[in-house]
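Let's take a friendly walk through a protein and the molecules it holds. Have a look at the display below, and then we will go through some of the details together.

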Amino acid sequence: MAVYTQVPAEEIDAFLTRYDAGRLVSAKGIAEGVENSNYLLETTGPDGNGHRYILTLYEKRVNEADLPFFMDLLDHLGARGCLVPRFIADREGRRLQQLAGRPACLIEFLTGISVTEPTAGQARAAGAALGAMHRAAEGFAGTRRNALDLPGWHDLAARCGADFDRIAPGLKARVAEELTFLDTHWPAELPRSVIHADLFPDNVLMLGDRVTGLIDFYFSCTDIRAYDLAVTHSAWVFSNDGATWHGDRAAALGAGYRETHGLTEAERAAFPVLCRGAALRFLLTRAYDWINTPADALVTRKDPLAYLRRLEFYAAADPAMLLGA
Ligand SMILES: Nc1ncnc2c1ncn2[C@@H]1O[C@H](COP(=O)(O)OP(=O)(O)O)[C@@H](O)[C@H]1O
Ligand SMILES: N[C@@H](CCOP(=O)(O)O)C(=O)O
């Protein structure tokens, strides 16, 4: 459940009067997501025909100073044909507001559902959408440092410390060993660009095998472009618990990405290491949240060990099998 900040309906209705968006008809807290508070709003609409919006209140991990970067990125991608939600401006042109003491934005609602167990066809569509996003991002002038890069992983690991072993005995040593491996093998020279950095199935809206929207760009940043494919790979080609590898989905994801973008030889050679980094990144943030979120909190904690299983898979895998032909 992710509604950290409760906003009374009257307050949302008053907030909407700043926009040409109509009056509030209903406001429902959205259970999915872990970072921000999200509401689905139904309004009478600008023209009286009814309209839906997403209202987001930014919570712990999103820095308000980063919001202009995300807004400009989505404008850039949207203008180049990517199906991404736009931030809506009020009558005075402001897109960033304050509501219930939090930074808040009204955002375009996109149709579609997030799949929980993707098919190979859906993985192919996700790979193609990621490649198209990378193409569309070319020429975007904004930059944002990835706080969850290799130095950031060291920092997170240090903050988890001995508590790792409360999650699983030996986890602290395994993380330390992996960081040492990545310190030596992390590629330095690969092409960099703006990346989504969290393109999990819950951040891809679909109707059947068709992508209808890419959402949740709040981790987007400037980093190794092929790392974005590695993050996506780690999220799409395993069962949710990380115990089962789906080779058909992996081959389809790779084929989809090749349709719209593709990897250089150097990116392909580094891909197994990038996947190990992606698996460690989500293992670390999940472990940190696991340790620091009370078990009875409203938000559902995500299992760090599902990413330890992925990490062990990548560490042992034949590199040739990761993306199919
Ligand atoms: N623009 C949008 N259009 C439609 N649904 C959205 C949109 N943005 C968010 N959602 C819904 O809200 C949920 C949580 O949004 P998300 O941005 O992933 O939250 P968080 O940043 O808290 O993880 C999504 O899974 C989706 O169901
Ligand atoms: N995708 C991450 C957590 C971030 O959650 P999201 O709802 O913002 O995608 C994970 O699964 O660990």
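In this predicted model, a polar side-chain atom of Asn203 lies 3.0 Å from an oxygen atom of ligand 2. Asn203 has company there: the residues surrounding ligand 2 also include Gly33, Val34, Phe200, Phe282 and Lys302. Two further side chains, those of Asp202 and Arg286, each place an N or O atom by an oxygen atom of this ligand, and the distances are in the table below. Taken alone, ligand 2 exposes 330 Å², and the protein buries 95% of that.

Now turn to ligand 1. It is surrounded by 17 residues, and the closest are Glu35, Asn36, Glu108, Leu110 and Asp216. Glu35 and Asn36 each offer a polar backbone atom to an oxygen atom of ligand 1, whereas Asp216 uses an N or O atom of its side chain. By itself ligand 1 exposes 550 Å², of which the protein buries 90%. Glu35 and Asp216 also appear among the residues around ligand 2.

| Ligand (oxygen atom) | Residue and part | Distance |
|---|---|---|
| Ligand 1 | Glu35, backbone | 2.9 Å |
| Ligand 1 | Asn36, backbone | 2.8 Å |
| Ligand 1 | Asp216, side chain | 2.9 Å |
| Ligand 2 | Asp202, side chain | 3.3 Å |
| Ligand 2 | Asn203, side chain | 3.0 Å |
| Ligand 2 | Arg286, side chain | 2.7 Å |

One last residue deserves a visit: Arg281, found in helix H9, which spans residues 265-292. Which side chain of opposite charge is nearest to Arg281? That is Asp198, 5.4 Å away, and the buried Arg281 has no salt bridge. A salt bridge would need the charged atoms within 4 Å. Leaving aside residues up to four places away in sequence, Arg281 touches Leu148, Trp153, Ala197, Phe219 and Tyr227.

Notes:
Residues numbered from 1 in each chain as written. Chains lettered and ligands numbered in written order. Predicted model: local features only at pLDDT ≥ 70, side-chain atom pairs only at ≥ 80, totals over all residues. Heavy atoms only, no water. Helix = DSSP H or I, 4+ residues; strand = E, 2+ residues; numbered from the N terminus. Buried < 20%, exposed > 50% of the residue type's maximum accessible area, 1.4 Å probe, protein only. Lys, Arg positive; Asp, Glu negative; His and termini not counted. Contact = heavy atoms within 4.5 Å. Near = heavy atom within 4 Å. Polar contact = N/O pair within 3.5 Å; in protein donor to acceptor, adjacent residues only side chain to side chain. Areas by Shrake-Rupley, 256 points an atom, 1.4 Å probe, with all protein chains shown as cover.
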